[in-house]
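Let's take a walk through this fold, starting with the overall layout and then stopping at a handful of side chains along the way. Keep the viewer open as you read.

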Amino acid sequence: MSTLKNKVQLIGNVGIEPTITNLENGKKVARLSLATNEHYKNGQGEKQTDTNWHTIIAWGKTADIIEKYVTKGKEIAIEGKLSTRAYDDKEGNKRYVTEVIVSEILLLGSNN
């Protein structure tokens, strides 16, 4: 178990058009939301879908790929790590955000 690391793998559909930001230091960052669906039957045997939304962050060349090829509805697979950060909102309350920082991306299927 000592070889296990902070690693996340997700396959899902892009929920919004990716936001691309070019930073002053020349780096590029892409931000998008990814929907993953889990299908199951409830106690009455009816099909149910549980959708989870994930905030995805990509840097550098991965951000370039997202900028060129990823649009809303596109099915993608990503691998990365979880990152949690804190900030203070407008009212001064501490908020926490968990994001997936992408290390690899795989473009799947077509746009929906």
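What follows goes from the whole chain to its core, and then to a few individual residues.

One thing to keep in mind from the start: this is a predicted model. The chain has 1 helix and 6 strands. Reading from the N terminus, the order of elements is β-β-β-β-α-β-β. If you want a feel for the dimensions, the C-alpha atoms fill a box of roughly 55 × 40 × 40 Å along the principal axes.

How is the chain connected up? Among contacts with a separation of 6 or more, 59% are between residues 24 or more positions apart. Of the 112 residues, 31% count as buried. The chain exposes about 8,000 Å², and carbon and sulfur atoms supply 48% of that area. As for charge, there are 16 positive and 14 negative side chains, with the centres of the two sets 4 Å apart.

Now for the inside. In soluble globular proteins, nonpolar side chains tend to be buried together. Here, the largest nonpolar core has 16 residues. The ones with the most contacts inside this core are Leu-10, Leu-34, Ile-56, Ile-66, Ile-76, Ile-78 and Ile-105. Who contributes? At least two core residues come from each of β1 (8-14), β3 (28-41), β4 (47-59), α1 (60-69), β5 (75-88) and β6.

Ile-78 is a good place to look around from. Leaving out residues up to four places away in sequence, Ile-78 touches Val-8, Gln-9, Leu-10, Leu-34, Ile-56, Val-100, Val-102, Glu-104 and Ile-105. Several names from the core list turn up again there, including Leu-10, Leu-34, Ile-56 and Ile-105.

Next, hop over to the helix. Thr-62 is found in α1. Is Thr-62 buried or exposed? Thr-62 counts as buried because its relative accessible area is 14%, under the 20% cut-off. Beyond its sequence neighbours up to four places away, Thr-62 touches Val-102, Ser-103 and Ile-105. Ile-105 is thus a residue that both Thr-62 and Ile-78 touch, and so is Val-102. For a sense of distance, the C-alpha atoms of Thr-62 and Val-97 are separated by 21 Å, with their positions 35 residues apart along the chain.

Time to move along β6, which covers residues 94-108. Glu-99 sits in this strand, and here is an acidic side chain worth a closer look. Glu-99 is buried, with a relative accessible area of just 5%. What does its side chain pair up with? One polar contact, at 3.2 Å, goes to the side chain of Arg-31. Another, at 2.9 Å, goes to the side chain of Arg-85. Setting aside neighbours within four places in sequence, the residues in contact with Glu-99 are Arg-31, Thr-55, Ile-57, Lys-81, Leu-82, Ser-83 and Arg-85.

Arg-95 lies in β6 too. Which class does Arg-95 fall into? With a relative accessible area of 40%, Arg-95 is partly exposed, because that class takes in values between 20% and 50%. Arg-85 shows up again here: Arg-95 touches Arg-85, Ala-86, Tyr-87 and Asp-89, not counting residues up to four places away in sequence. The C-alpha atoms of Arg-95 and Arg-85, 10 residues apart along the chain, are separated by 8.4 Å.

From Arg-95, follow the side chain across to Asp-89, where a polar contact of 2.9 Å joins the two. Asp-89 is found in the loop between β5 and β6. Loop or not, Asp-89 is buried, with a relative accessible area of 15%. Its C-alpha atom is separated from that of Gly-60 by 28 Å, the two residues being 29 apart along the chain.

The last stop is Asn-37, in β3. At 44% relative accessibility, Asn-37 counts as partly exposed. Apart from residues up to four places away in sequence, Asn-37 touches Thr-49, Asp-50 and Thr-51. With Thr-51 there is also a side-chain polar contact, at 2.6 Å. In the other direction along the sequence, Asn-13 is 24 residues away from Asn-37, and their C-alpha atoms are separated by 9.0 Å.

How values were computed
Residues are numbered from 1 along each chain as its sequence is written. This is a predicted model: local features need pLDDT of at least 70, side-chain atom pairs count only at pLDDT 80 or more; totals for chains, interfaces and linings use all residues. Side-chain values use heavy atoms; hydrogens and water are left out. Helices (H or I, at least four residues) and strands (E, at least two) are DSSP runs, numbered from the N terminus. Buried means under 20% relative accessible area, exposed over 50%, partly exposed in between (1.4 Å probe, protein chains only). A polar contact is a pair of N or O atoms within 3.5 Å; within protein, one must be able to donate a hydrogen and the other to accept it, and residues adjacent in sequence count only if both atoms are side-chain atoms. Contact means heavy atoms within 4.5 Å. A nonpolar core is a set of buried Ala, Val, Leu, Ile, Met, Phe, Trp, Tyr and Cys residues joined through side-chain atoms within 4.5 Å. Accessible areas come from the Shrake-Rupley method with a 1.4 Å probe; for residues, only the protein chains shown count as cover. Lys and Arg count as positive and Asp and Glu as negative; His and the chain ends are not counted. The place of a charge is taken as NZ of Lys, CZ of Arg, CG of Asp or CD of Glu.
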